[in-house]
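Please look over the structure shown below, with an eye to how each label attached to it can be justified. The questions that follow ask for the reasoning behind those labels.

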Amino acid sequence: MSLFETEALILRSYNLAEADKIVVCLSRSTGLIRGVAKNCRKLKNRFGASLEPFTLINLTYFEKENQELVSFSQTEILRSRFNLSSDAAVMTGFSYMGDLLMDFSPPRQANDNLYRMALACFEAGSQTPAHLDWILRYFEVWLLKLEGFLPDLRACANCQNPFDREEPIYLGTDLAVRCLNCSQARGRAIPRIVYQQMRATEKLSPAKFAEQAREVPVATRKELAQLTYQIISRVLDRMPRARPTFVQ
Ligand SMILES: [Zn+2]
């Protein structure tokens, strides 16, 4: 049996037996882990409070060889989201990000960039809930990028000409982006303003991105949402959804 300590963001929890929970979290040093927290559902239990979704904690856990579930032994709250728990829109947005992290992160593979990006998005959403929609778009683009599914946005997949002109570009069903000439206008057109917002995510923090996007029309945000949705659903369709039975 080995003992580990890591910073972790709680994504979801499920009741187990009378007083226990199964908790899924994204940890800094081990990536996605699932564990059992014993006796955390007793009244006024600090251990239980630290395992509420989207809480940032320092986690100590035990691991037994060949067991998928670890055992959570100690936690310390670093950042609680308790003040937001009654805000349904924020909770829905956070659950959406949590679900995508569970869908895209292979179990027990640390990914520091993904962890820091996710943390920054949850933090930005906590600070400015009014900007949550843009923060979710930022999260989707970066998740796809860090997991290797975002098409190359710099140049045409066929002719390699950079997308630096005003002409429209197209997302193909193979998730590659091509210029007008190579695509023959087949696929989903990516309007210039949507393209510019996708590129803006590369240089900005989620908070700064959402701030600069305030002047961008709502229609553009919706178009970007449809585009990321199309890519995500296509990727998830072809990814094995190897979720353990208790999640289904
Ligand atoms: Zn081309």
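Q: What makes helix α2 (residues 88–104) a helix that lies across strands, and at what angle does it run to β1?
A: In this predicted model, helix α2 lies across β1, β2 and β3, running at about 120 degrees to β1. Contact here means heavy atoms within 4.5 Å, and the angle is one between N-to-C directions, on a scale from 0 to 180 degrees. Helix α3 (residues 112–127) likewise lies across strands, namely β1, β2, β4 (56–63) and β5, and its direction is at about 50 degrees to β1.

Q: What is the strand order of the closed barrel, and how is its pairing described?
A: The barrel has five strands in the order β1-β2-β3-β5-β4, and its pairing is mixed. From one strand to the next, the twist averages 45 degrees.

Q: How do you know that β1 and β2 pair, and in which sense do they run?
A: Two strands count as paired if there are at least two bridges between them; strand β1 (residues 2–16) is joined to β2 by eight bridges, and the two run antiparallel, so by the criterion of at least two bridges they are paired. One example is S13, whose bridge partner in β2 is V23. The two strands form a hairpin with three residues between them, and A17 in the turn has a positive phi of about 50 degrees.

Q: How do you know that β3 pairs with β2 and with β5, and which sense does each pairing have?
A: The criterion is again at least two bridges. Strand β2 (residues 20–27) and β3 are joined by seven bridges and run antiparallel, while three bridges join β3 to strand β5 (residues 70–79), and these run parallel. Between β2 and β3, S27 stands opposite G31 and C25 stands opposite I33, with a hairpin of three residues joining the two strands. On the β5 side, the bridge partner of G35 is V70.

Q: Why is β2 called largely enclosed by the rest of the structure?
A: A residue counts as buried at under 20% relative accessible area, and eight of the eight residues of β2 meet that condition, so the strand is described as largely enclosed. Both of its faces are covered, since D20, I22, V24 and L26 on one side and K21, V23, C25 and S27 on the other are all buried. Strand β3 (residues 31–37) is also largely enclosed, because seven of its seven residues are buried.

Q: What makes the site of the zinc ion tetrahedral?
A: Four donors count as tetrahedral if all angles lie between 85 and 135 degrees; the angles among the four donor atoms of the zinc ion are 102 to 115 degrees, so the site is tetrahedral. For orientation, the ideal angle for four tetrahedral donors is 109.5 degrees.

Q: Which atoms are the protein donors of the zinc ion, and how do you know that they qualify?
A: The donors are the SG atoms of C156, C159, C179 and C182, lying 2.3 Å from the ion. The limit for a donor is 2.8 Å, so these sulfur atoms satisfy it. Along the chain, the donors follow the spacing C-x2-C-x19-C-x2-C. The structure holds zero disulfides.

Q: Why is C179 called buried, whereas C159 and C182 are called partly exposed?
A: Buried means under 20% relative accessible area and exposed means over 50%, with partly exposed in between. C179 has a relative accessible area of 6%, so it is buried; C159, at 31%, counts as partly exposed, and so does C182, at 25%.

Q: What makes the sheet β7-β6-β8 an open one, with which edge strands?
A: Its three strands form an open sheet with antiparallel pairing, and the edge strands, β7 (177–179) and β8 (188–190), each pair on one side only. The twist averages 40 degrees from one strand to the next. Strand β6 (residues 169–171) and β8 pair in the antiparallel sense over three bridges, and L171 stands opposite R188 in β8. Helix α8 (residues 218–238) packs on this sheet, touching β6 and β8, and its direction makes about 130 degrees with that of β8.

Q: Why is Q197 called buried, and with which residues is Q197 in contact?
A: The relative accessible area of Q197 is 6%, and the limit is 20%, so Q197 is buried. Q197 has its place in helix α6 (residues 192–203). Leaving aside neighbours within four places in sequence, Q197 is in contact with W134, F209, Q212, A213, V216 and L224.

Definitions and conventions:
Residues numbered from 1 in each chain as written. Predicted model: local features only at pLDDT ≥ 70, side-chain atom pairs only at ≥ 80, totals over all residues. Heavy atoms only, no water. Disulfide = S-S within 2.5 Å. Buried < 20%, exposed > 50% of the residue type's maximum accessible area, 1.4 Å probe, protein only. Donors = N, O, S within 2.8 Å, 3.2 Å for Na, K, Ca; no water. Tetrahedral: all angles 85-135°; square planar, octahedral: opposite > 155°, others 65-115°. Helix = DSSP H or I, 4+ residues; strand = E, 2+ residues; numbered from the N terminus.
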